[in-house]
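Take a look at the model below. We will go from its overall layout to single atom pairs.

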Amino acid sequence: MKVVSTIKEVRENVKEWKKQGLTVGLVPTMGYLHEGHGSLIKTARENNDKVVVSIFVNPMQFGPTEDLESYPRDLEKDSKFCESLGADLIFHPEPEEMYHEDFSTYVDMSVLTEELCGLSRPVHFRGVCTVVNKLFNIVQPDNAYFGEKDAQQLAIIRHMVQDLNMDINIVGCPIIREEDGLAKSSRNTYLSAEERKAALILSQTIKMAKELVAEGEKDAEVLVAKMKKNIEKEPLAKIDYVKAVNGLTMQQQKEIKAPMLVAMAVYIGKTRLIDNMIISEDGQCR
Ligand code: AMP
């Protein structure tokens with residue numbers, strides 16, 4: 001496995017692979033990798049000849065008061081992890097490699113980016129769409145892998161690929177959780193022992209929501225109200241949002257029906273965590 005930091009090196013490798021007719025899978029990440037990222041890399045490994053993992057803490061997707069500086073980083077550990085999963089190439093650029101001084105072109109999507117996380121993180125999805133677009137142009141993958149943990153991001157990327165006619169297959173991968181239910185996240189490392197316990201309120205509330213839907217709840221407003229009430233029982237939790245929206249358009253929906261995304265962002269102390277459940281058209285609720 002190679003670790004490269006320049007766009008030129010990525011292009012040289014990919015060009016050689018494409019000459020041989022090999023398929024390429026891309027897993028975009030911000031690093032500090034865990035089993036959630038691991039599941040994306042494993043899926044990419046199974047379905048492509050070559051696997052590229054990008055590790056880039058993208059400054060453009062962080063707001064001015066967010067955790068860009070403190071975001072955890074450990075390239076050495078990440079490299080070992082990727083190698084153990086059979087990745088072929090890590091692309092780990094410096095911000096200056098991705099954004100020249102005179103950088104001025106952005107991918108700015110409307111509607112889908114204005115709901116849920118977009119409300120409290122107004123510059124976030126512009127940064128995500130721009131960097132993912134750049135990574136797609138640099139790596140030119142056949143397949144790209146994203147987690148359902150960031151379900152709004154996944155919907156936005158799918159929409160961008162459709163809008164801009166990108167010839168890339170977007171693959172969504174299920175949420176990987178800790179044994180006690182907490183969705184794995186690089187940001188979980190910010191939690192104190194007490195906060196780590198309190199953070200369970202997110203996955204417990206998602207579990208409760210799944211049960212309510214399984215029992216036949218059809219009213220999205222009732223579901224959301226019950227979820228909020230449950231979260232409010234936890235003194236360390238502060239709700240950013242809890243919403244039930246159409247899974248494709250991200251617009252609020254009164255009736256519980258597929259495709260649907262029931263998503264939440266909750267502060268545990270200073271750490272903002274997200275979790276969700278997806279009701280897909282095949283009737284699955286996950
Ligand atoms: P990040 O490094 O947090 O930007 O995440 C990189 C990719 O990994 C995104 O597509 C995330 O949705 C995905 N991911 C992160 N955590 C998880 C998880 N617990 N389960 C599944 N996918 C995840």
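The centres of domain 1 and domain 2, taken over C-alpha atoms, lie 26 Å apart. This is a predicted model, so every distance here is computed from predicted coordinates. Along the chain, domain 1 spans residues 2–173. Domain 2 covers residues 186–276.

Now turn to where the two domains meet. Domain 1 brings 23 residues to the contact, and domain 2 brings 18. The size of an interface is often given as the accessible area lost when the parts come together. Between domain 1 and domain 2, that buried area is about 1,700 Å². Carbon and sulfur atoms give 55% of it.

Which three residues of domain 1 supply more of its buried area than any other three? They are Glu115, Leu116 and Lys149. Together they supply 31% of the area that domain 1 buries against domain 2.

Polar pairs also cross this interface. Nine residue pairs are in polar contact between domain 1 and domain 2, counting pairs with both residues at pLDDT 80 or more. Two elements each give two or more residues to the domain 1 side: helix 5 (117–120) and helix 7 (151–163). By residue type, the domain 1 side that touches domain 2 has 11 nonpolar, six polar and six charged residues.

Next, the salt bridges. Side chains of opposite charge can pair when their charged atoms come close. How many salt bridges are there between domain 1 and domain 2? The count is one. Find Asp67 and Arg187: their side chains meet in a salt bridge, at 2.8 Å from N to O.

The structure as a whole holds 14 salt bridges. Another pair to find is Asp88 and Arg45, whose side chains meet at 2.9 Å, N to O. This salt bridge links distant parts of the chain, with its two residues 43 apart. Asp88 sits in the loop between helix 3 (75–84) and strand 4 (89–91). Arg45 belongs to helix 2 (residues 35–47).

Last, move to the ligand. It is surrounded by 17 residues. The closest are His37, Gly147, Asp150, Ile176 and Lys184. Look at how the protein's polar atoms approach ligand oxygens. A polar backbone atom of Met30 is 2.9 Å from an oxygen atom of the ligand. Gly147 also uses its backbone: an N or O atom there lies 2.9 Å from a ligand oxygen. Asp150 uses its side chain instead, with an N or O atom 2.6 Å from an oxygen atom of the ligand.

How values were computed: Residues numbered from 1 in each chain as written. Predicted model: local features only at pLDDT ≥ 70, side-chain atom pairs only at ≥ 80, totals over all residues. Heavy atoms only, no water. Domains from an automatic or database assignment. Contact = heavy atoms within 4.5 Å. Buried area = accessible area lost by both parts, 1.4 Å probe. Salt bridge = Lys/Arg side-chain N within 4 Å of Asp/Glu carboxyl O. Polar contact = N/O pair within 3.5 Å; in protein donor to acceptor, adjacent residues only side chain to side chain. Helix = DSSP H or I, 4+ residues; strand = E, 2+ residues; numbered from the N terminus. Nonpolar A, V, L, I, M, F, W, Y, C, P; charged D, E, K, R; others polar. Near = heavy atom within 4 Å.
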